[in-house]
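Colleague: Before we discuss the model, please set out the terms on which its descriptions rest.

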Amino acid sequence: MTHKKEIDLATKTVWAGEADYLVHGATQVPVVLSVAYNYDDIDEWFDVATGKKAGHIYGRNTNPTVQSFEDKIKEMEGAEAVTSFSTGMAAISNTLATFLVPGDRIVSIKDTYGGTNKIFSEFLPRQQIEVHLCDTGNMAEMEKEINKGCEILYLETPTNPTVKITDIERMAKAGKEAGALVIVDNTFATPMNQRPLALGADLVIHSATKFLGGHADALGGVVCGRKALIEPIFHYREINGATMDPMAAYLVLRGMKTLHLRVREQCKNAMALALYLQKQDIVEDVFYPGLPDHPNHDIAKKQMDDFGGMLSFSVKGGIDTVRKVLPKLQFAHRAANLGAVETTVGPARTTSHVECTPEERAALGIPEGLIRVSCGIEATDDIIHDFEQALQAAKSDKLLS
Ligand SMILES: *Cc1c(COP(=O)(O)O)cnc(C)c1O
């Protein structure tokens, strides 16, 4: 029998991170709801409390169910260390707060997740932290800004909702040369499609609420990286308290066991839907990195194994057409979420960029008639047929009115 050096990611989604947490011969990780842990041996208690010995003291610091989830994602991202959070936004805000001090400068892009963008535009500037946001996808501008000096380079790729792509390897190199900490939000790609640490990033962040959990029933966030970086983030989080709930950790852990299957189907459906939408005359534009005419398709091909389950498209007639199309979809939740097994749709102006004015959305290249689609794992034909009948109905509405 030939020996395989690396265990495949598909196998890791099923097995990684669990063995150390099984008890009583159970095959599944238990949900440990206990807030505190009993020590008969007072010296042992002291050793655990002071970090000399592994163990648990109090639920805000660590919890076995939460740790099992952490270990699984750590192995999938190929990281040395990991810590988790109550939400994706807590992972982002706590990580930034761990490292930034007044006078620091952060370089990022204009198209980050709405909440992240609020941190950049509202909360960091009032702490005397300079934020420079570059046009997403303009790698030369980013390099120029990075070279001016920054403590943090913060990336997200693909982005929300127009799925723009940034070259992680190239930007990480520029960031390193400038002495910056390079952080990548990998929520949209998932470790199945993209592993930023292998491309030179220092830290990789996920909203576990989305694809990792995959069932839209649990909130969570996680950050992976080197031990020396994760330790101060963990310390900030254990004191400030944005701890992941054990029940949420269990749900995400269970969801992750099928991550490879779900993401494969979501990518397949997104590609098929993008190709279908491109041919429709009521559709103005289709945004999907898997399309050869996407402006950064080559970079996406280089750094991703597949192009992800997220796409967006704009319709002729703007928001009026959106109003007609979305209610007609049978197999899609009209909801502000993504990454779940069900297809989910929403206008950018209601979901990812609800905080922006129409002018701000226009400046980001987000048409008012933009529909974001998170493809689920339904049969491809059913998804396409559903969009077909919804677009058709919107078109005949127009003829009648
Ligand atoms: C949803 C999301 C977040 C925030 O995660 P929450 O779990 O909702 O706090 C961050 N980044 C991206 C790309 C997201 O889609």
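Modeller: A polar contact is a pair of N or O atoms within 3.5 Å; within protein, one must be able to donate a hydrogen and the other to accept it, and residues adjacent in sequence count only if both atoms are side-chain atoms. The model is predicted, local features need pLDDT of at least 70, side-chain atom pairs count only at pLDDT 80 or more, and totals for chains, interfaces and linings use all residues. Residues are numbered from 1 along each chain as its sequence is written, and side-chain values use heavy atoms, with hydrogens and water left out.

Colleague: What makes Asp185 a polar contact of the ligand?

Modeller: A polar side-chain atom of Asp185 is 2.7 Å from a nitrogen atom of the ligand, which is within the 3.5 Å limit. Lys210 places a polar side-chain atom 2.8 Å from a ligand oxygen atom, and a polar backbone atom of Met89 is 2.8 Å from an oxygen atom of the ligand. Of the ligand's own 380 Å² of accessible area (Shrake-Rupley method, 1.4 Å probe), the protein covers 93%.

Colleague: Why are helix 4 and helix 5 called roughly parallel?

Modeller: Helix 4 and helix 5 (residues 114-123) pack at about 25°, with axes 10 Å apart. Axes are lines fitted to C-alpha atoms over the stretch in contact, and angles run from 0 to 180 degrees between N-to-C directions. Angles under 35 degrees count as roughly parallel, and the two helices are therefore roughly parallel to each other.

Colleague: Which helix gives the most to the shell around the ligand?

Modeller: Helix 4 (residues 88-99) does, with three residues.

Technical notes
Helices (H or I, at least four residues) and strands (E, at least two) are DSSP runs, numbered from the N terminus. Angles under 35 degrees count as roughly parallel, over 145 as roughly antiparallel, 65 to 115 as roughly perpendicular and the rest as oblique.
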